[in-house]
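Welcome to a short walk around one protein chain. Keep your viewer open and your selection tool handy, and we will go from stop to stop together.

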Amino acid sequence: MTSSFGLGLRTQHYNDFLNARQPVDWLEVISDNFMVNGGKPLAILDRIRADYPMTMHGVSMSIGSVNGLDEDYLKRLKALEQRIEPMWVSDHLCWGGVHGRKLHDLMPLPFTQEALDVVARNIHHAQDVLKRPLVVENVSSYVEFKDSEMTEWEFLSEICNATGCQLLLDINNIYVSAFNHGFSPFEFIDGVPKEHICQFHLAGHQNNGDHLIDTHDHPVCAGVWDLYEYALTRYGNVPTMIERDDNVPPLAELLDELDIARKIAGDVLKTEGAA
């Protein structure tokens, strides 16, 4: 038994998917790019959607906002969800604006009870609108909050317990944050509830020597592949995708990279099944 494998749908590869069937099981779209009433991108999405199952991945919900979620945003997200009927809808565990202004970045949260209460309230709101569990992704970070009261994996576990949401575990983000803050990425993986994991992200990053930046503009590095292998032994058969947002190569290169994930997963699951 092997996991299913997907790619993020990027404009550079539209024609590849329109012109021929590609060896991917599903595609992930950035929700925010298609939350419109019409136009060419949405028409292309409809054509590709006819051939591939999809997931929706957002970047602007701002789940950690103390001011609550944007009702208009949720309304448009729900409309897109009804249009393409995704396997799941995800967004990032972060905040992304203040006083009505979008920062266009994924800002980390302090891991406190106060922040947890805010996040739980917002996730419940989103789930009430979507009528399905929300999938939440861990983000990479470069600074820590001195008033944090728990680890990130404890925070994620508490959110799952409080809301019933699911987790998109970004293996690269764990690797980046672990390097930047000096904790064990393996302890992170051990500490997250297995029953809530529904997807893995794999991506590349920029190595600046004394810190890493989550850039999504490089191939997956050896350390992230090792961590992915460990996550598979812990969580088993989890849908996996390669995420590339800059320096996007030809589709063939990403498919080759996805084959690496397939091989690792196949070897791990075969071994686990024989154990």
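## First stop: a lysine under cover

Select Lys-78, which counts as buried at 16% relative accessibility. The cut-off for buried is under 20% relative accessible area. Bear in mind as you look around that this is a predicted model.

Lys-78 sits in helix α3. Apart from neighbours within four places in sequence, its contacts are Val-129, Leu-130 and Lys-131. Two of those names will come back when you look at helix α4, where Val-129 and Leu-130 are among the residues that meet α3.

## Second stop: α3 against α4

Now show helix α3 (residues 71-84) together with helix α4 (residues 113-130). How do their axes cross? They come within 10 Å and cross at roughly 40 degrees, and the two helices are therefore oblique to each other. The crossing of α3 and α4 is right-handed.

To see the contact itself, display these side chains:

- from α3: Glu-71, Leu-74, Leu-77, Lys-78 and Glu-81
- from α4: His-125, Ala-126, Val-129 and Leu-130

By class, the residues of this contact of α3 with α4 are 5 nonpolar, 1 polar and 3 charged.

## Third stop: the other partner of α4

Keep α4 on screen and add helix α5 (residues 152-163). The axes of α4 and α5 are 10 Å apart, and the helices pack at an angle of about 45 degrees. That makes α4 oblique to α5.

Here too, the crossing, now of α4 and α5, is right-handed. On the α4 side, pick Ala-115, Leu-116, Val-119, Ala-120, Ile-123, His-124 and Gln-127. They meet Phe-155, Glu-158, Ile-159, Ala-162 and Thr-163 in α5. The contact of α4 with α5 has 8 nonpolar, 3 polar and 1 charged residues.

## Fourth stop: the barrel

Hide the helices for a moment and colour the strands. In what order do the 8 strands close into a barrel? Follow β1-β2-β3-β4-β7-β8-β9-β12; the pairing is parallel. From one strand to the next, the twist averages 25 degrees. Strands of a sheet pair through backbone hydrogen bonds, either parallel or antiparallel, so switching on the backbone hydrogen bonds is a good way to follow this part of the tour.

For a look at individual pairs, try two places:

- Strand β3 (residues 54-57) and strand β4 (residues 89-92) run parallel and are joined by 2 bridges. Find Met-56, which stands opposite Val-89 in β4.
- β7 and β8 pair in the parallel sense over 3 bridges. Val-136 has Leu-167 in β8 as its bridge partner.

Stay on β8 and colour by accessibility: 4 of its 5 residues are buried, so the strand is mostly covered.

## Fifth stop: α6 and what lies around it

Bring back helix α6 (residues 171-181), which lies across β7 (135-137), β8 (166-170) and β9 (197-202). Relative to β8, helix α6 runs at about 60 degrees.

Next, add helix α8 (residues 222-235). The axes of α6 and α8 come within 9 Å and cross at roughly 115 degrees, and this crossing is right-handed. From α6, the contact is made by Ile-171, Asn-172, Ile-174 and Tyr-175; from α8, by Gly-223, Val-224, Leu-227, Tyr-228 and Ala-231. The residues of the contact of α6 with α8 divide into 7 nonpolar, 2 polar and no charged.

Click on Gly-223 while you are there: it is partly exposed, with a relative accessible area of 21%. For a distance check, choose Glu-195 as well. Gly-223 and Glu-195 are 28 residues apart in sequence and 25 Å apart in space, C-alpha to C-alpha.

## Last stop: two loops with a positive phi

Most residues other than glycine have a negative phi. Two loop residues are worth a click for that reason.

Ser-62 is found in the loop between β3 and α3, and its phi is near 60 degrees. Is Ser-62 buried or exposed? It is buried, with a relative accessible area of 12%.

Glu-85 lies in the loop between α3 and β4. Although it is not a glycine, Glu-85 has a positive phi of about 45 degrees. In contrast to buried Ser-62, Glu-85 is exposed, with a relative accessible area of 57%.

Terms used: Residues are numbered from 1 along each chain as its sequence is written. This is a predicted model: local features need pLDDT of at least 70, side-chain atom pairs count only at pLDDT 80 or more; totals for chains, interfaces and linings use all residues. Side-chain values use heavy atoms; hydrogens and water are left out. Two strands pair if DSSP finds at least two bridges between them. Axes are lines fitted to C-alpha atoms, for helices over the stretch in contact, and angles run from 0 to 180 degrees between N-to-C directions. Contact means heavy atoms within 4.5 Å. Angles under 35 degrees count as roughly parallel, over 145 as roughly antiparallel, 65 to 115 as roughly perpendicular and the rest as oblique. A crossing is left-handed if the near helix is turned anticlockwise from the far one by less than a right angle, and right-handed if clockwise. Ala, Val, Leu, Ile, Met, Phe, Trp, Tyr, Cys and Pro count as nonpolar, Asp, Glu, Lys and Arg as charged, and the others, Gly among them, as polar. Buried means under 20% relative accessible area, exposed over 50%, partly exposed in between (1.4 Å probe, protein chains only).
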